[in-house]
Amino acid sequence: MLKKFISTLVLICVMTCCFSFNVFAETTVDDEIALTNLYTNKISTNITRSSSKKISYDCSVTGKSTATKITVYLYLQEKVNGSWRNVHVLRKEVNGKYLTATDSYSSAISGHKYRTELQVYTYSGSKSEYLELHSTVLNF
């Protein structure tokens with residue numbers, strides 16, 4: 001009985017060691033976000049000071065070959081009393097795999113902090129995925 005138990009235990013250990021393996025998904029790190037997405041290859045957003053009172057900001061989205069539509073909301077945010085507040089929003093939608101959008105804001109206040117928040121909806125037919133990304137903080 002003990003011999004049969006030990007044989008079974010050894011067999012289980014051998015099977016576990018021989019047939020176990022780790023599976024890892026390949027990811028791409030871009031703009032501090034690890035992307036392993038269904039319909040989107042890459043998203044990015046940038047913010048820059050373009051003049052004494054003007055901020056320029058943009059975004060770019062590249063869908064995978066299965067992407068049929070991309071919708072973005074690009075928010076310009078200002079830090080007020082420790083919280084991020086939306087001061088402007090740009091919405092853009094394309095039927096396809098590529099989207100770029102650019103906007104500017106001419107009422108920036110010296111000494112304030114600004115950033116963008118990009119919200120992306122990428123569709124493949126009736127299915128979709130949602131991604132979100134923040135730009136670096138611009139000290140105006």
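## What counts as a contact

Here, two residues are in contact when heavy atoms of theirs lie within 4.5 Å. Keep that in mind for the tour below, and remember that what you're looking at is a predicted model.

## The chain at a glance

Let's start with the whole thing. The protein chain has 140 residues, and 31% of them are buried. You'll find 1 helix and 10 strands in the protein chain. Follow the sequence and the helix comes up ahead of the strands, giving the pattern α-β-β-β-β-β-β-β-β-β-β.

Take the contacts with a separation of 6 or more: 60% of those in the protein chain link residues 24 or more positions apart. As for the outside, the accessible surface adds up to about 9,200 Å², and carbon and sulfur atoms own 54% of that.

## A sheet of three strands

Now zoom in on one sheet. It's an open one made of 3 strands, ordered E3-E4-E7, with antiparallel pairing. E3 (40-49) and E7 sit at the edges with a single partner strand each, so one side of each has no neighbour in the sheet. On average, neighbouring strands here are turned by 10° against each other, if you ignore direction.

In general, strands of a sheet pair through backbone hydrogen bonds. Between E3 and E4 there are 9 bridges, and lysine 42 has threonine 62 in E4 as its bridge partner. On the other side, E4 (residues 55-63) is joined to E7 by 8 bridges. Valine 61, for its part, is bridged to leucine 99 in E7.

## The two faces of E7

Strand E7 covers residues 98-105, and its side chains take turns pointing to one face and then the other. Which of them are buried? Leu99, Ala101, Asp103 and Tyr105 share one face and are buried, while Tyr98, Thr100, Thr102 and Ser104 point the other way and are not. Leu99 is also the bridge partner of valine 61.

## A closer look at glutamine 119

Glutamine 119 belongs to strand E8, which spans residues 113-124. Is this residue buried or exposed? Buried means under 20% relative accessible area, and glutamine 119 has a relative accessibility of 14%, so it counts as buried.

What does glutamine 119 touch? Its side chain makes a polar contact of 2.7 Å with the side chain of glutamate 117. Setting aside neighbours within four places in sequence, glutamine 119 is in contact with Thr71, Val72, Tyr73 and Tyr75, and also with Tyr130, Leu131 and Glu132.

Key. Residues numbered from 1 in each chain as written. Predicted model: local features only at pLDDT ≥ 70, side-chain atom pairs only at ≥ 80, totals over all residues. Heavy atoms only, no water. Buried < 20%, exposed > 50% of the residue type's maximum accessible area, 1.4 Å probe, protein only. Helix = DSSP H or I, 4+ residues; strand = E, 2+ residues; numbered from the N terminus. Pairing = 2+ DSSP bridges. Areas by Shrake-Rupley, 256 points an atom, 1.4 Å probe, with all protein chains shown as cover. Polar contact = N/O pair within 3.5 Å; in protein donor to acceptor, adjacent residues only side chain to side chain. Axes fitted to C-alpha atoms, helices over the stretch in contact; angles between N-to-C directions.
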